[in-house]
Amino acid sequence: MIDKNVFRNFSYGVYLTTSYDENNKPVGCVTNSVMQITSEPSTVAVSINHENYTNQCIKKNKKFTVAILPETIQPSIIGTFGYQSSRNVDKFEGIRYHYTNGLPIIEDACGVLICEVIDTMETNTHTVFLGRVTIAEGYKKEVPMTYRYYHEKLKGSSPKTAPSYIEEEKEEIKSAKTKYKCRICGYVHEVDGELPDDYMCPICGQPKSAFDKIEETKEATFS
Ligand code: FE
């Protein structure tokens, strides 16, 4: 038996992995399975779903960055990078970044690693990229965001393509307030009465129409 709750106790971080596509457009996605493999030479590994556009871009140009996000990062940046695709949108619009060696570097990170792919490993859903770190820059003494912080404080969830994705279990809601849940990212917003028409999801930026009302009764369940 595999109790998937055990995986919740991994102390993942929250990162943006960026690269560029064949038209030199900056691309990127949220990753939480990132780890340092060796110190000398500095290498890291990152796991990215096959369906993510960023995956195929990194396979082509063999370069990527890992931006370590601080707790203070705007949640909408995680929403844009985590729940939309670089195929369709320019995720970097309105975001502070610059280029180093052709790679888009997020300014509001608490550190960014620039890597060259030295090996890959395929699983049935994800590619693990092993990257040699060529530059590490932008160090800031801020508290890096953990996945637990994202989940508990920002009330975010994993997209289905994340390695850490776990199907949500029924949770008990013990409140008389009306709750609305974003179908895109799983964010739950509590409000007295109706959601305002101009409401937008603070995590993924979706409009009111992306929200489903959750029962107002004292022991409603959602999945
Ligand atoms: Fe959302």
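Let me start with a definition: buried means under 20% relative accessible area, exposed means over 50%, and partly exposed is in between, with a 1.4 Å probe and protein chains only. With that in hand, N101 counts as exposed, because its relative accessible area is 56%.

Now a word on where this comes from. Please keep in mind that this is a predicted model, so local features need pLDDT of at least 70, side-chain atom pairs count only at pLDDT 80 or more, and totals for chains, interfaces and linings use all residues. Residues are numbered from 1 along each chain as its sequence is written, and side-chain values use heavy atoms, with hydrogens and water left out.

Let's look at the whole protein. The protein has three helices and 14 strands; helices (H or I, at least four residues) and strands (E, at least two) are DSSP runs, numbered from the N terminus. Its radius of gyration is 18 Å, close to the 17 Å that the globule rule gives for 223 residues, so the protein is as compact as a globular protein of that length. The radius is taken over C-alpha atoms, and the rule is 2.2 Å times the number of residues to the power 0.38. Along the principal axes, the C-alpha trace spans about 55 × 45 × 35 Å. Of the 223 residues, 45% are buried. Taking contacts (heavy atoms within 4.5 Å) between residues at least 6 apart in sequence, 63% join residues at least 24 apart.

On to the strands, and to β5 in particular. Which strands pair with β5 in the antiparallel sense? Strand β1, residues 15–20, does so over four bridges, and strand β8, residues 112–122, over five. Pairing here requires that DSSP finds at least two bridges between the strands. On the β1 side, L16 has A67 of β5 as its bridge partner. On the β8 side, K63 stands opposite E116.

β5 also brings us to the aromatics. Rings of Phe, Tyr and Trp (its six-membered ring) pair if their centres lie within 6.5 Å; planes under 30 degrees apart count as stacked, over 60 as edge-to-face, and the rest as tilted. That rule gives nine aromatic pairs. One of them is F64 with F129, a tilted pair at 6.4 Å centre to centre and 50° between the planes. This pair links distant parts of the chain, with F64 in β5 (residues 63–68) and F129 in strand β9 (residues 126–137), 65 residues apart. Both of these phenylalanines are buried. Elsewhere, F7, F10, Y12, Y147 and Y150 form one aromatic cluster.

Next, the helices. In α1, residues 53–61, the buried residues are Y53, T54, N55, C57, I58 and N61. Their cover includes β1, β2, β4 (43–49), β5, β8 and β9. Just after α1, K62 takes a positive phi of about 60°. In α2, the buried residues are I77, I78, G79, F81, G82 and Y83, and they pack against β1, β2 (26–31), β7 (103–106) and α3 (147–152).

Since C57 came up, how many disulfides are there? The count is zero, where a disulfide is a pair of cysteine sulfur atoms within 2.5 Å. C29 is in no disulfide, and the nearest cysteine sulfur, that of C57, is 9.8 Å away. C29 counts as buried, at 4% relative accessibility. For C110, the closest cysteine sulfur is in C115, 15 Å from its own and too far for a bond. C110 is buried too, with a relative accessible area of 6%.

Finally, the loops and the backbone. Most residues other than glycine have a negative phi, and most peptide bonds are trans. N24, in the loop between β1 and β2, has a positive phi near 65°. Is N24 buried or exposed? At 55% relative accessibility, N24 counts as exposed. Our opening residue, N101, sits in the loop between β6 (97–100) and β7 and has a positive phi of about 50°. The peptide bond from E40 to P41 is cis, with omega near -5°, and P41 lies in the loop between β3 (34–38) and β4. Last comes T72, in the loop between β5 and α2 (75–83), which is exposed at 63% relative accessibility. T72 and V46 are 26 residues apart in sequence and 23 Å apart in space, C-alpha to C-alpha.

Thanks, everyone, and I'm happy to talk it over.
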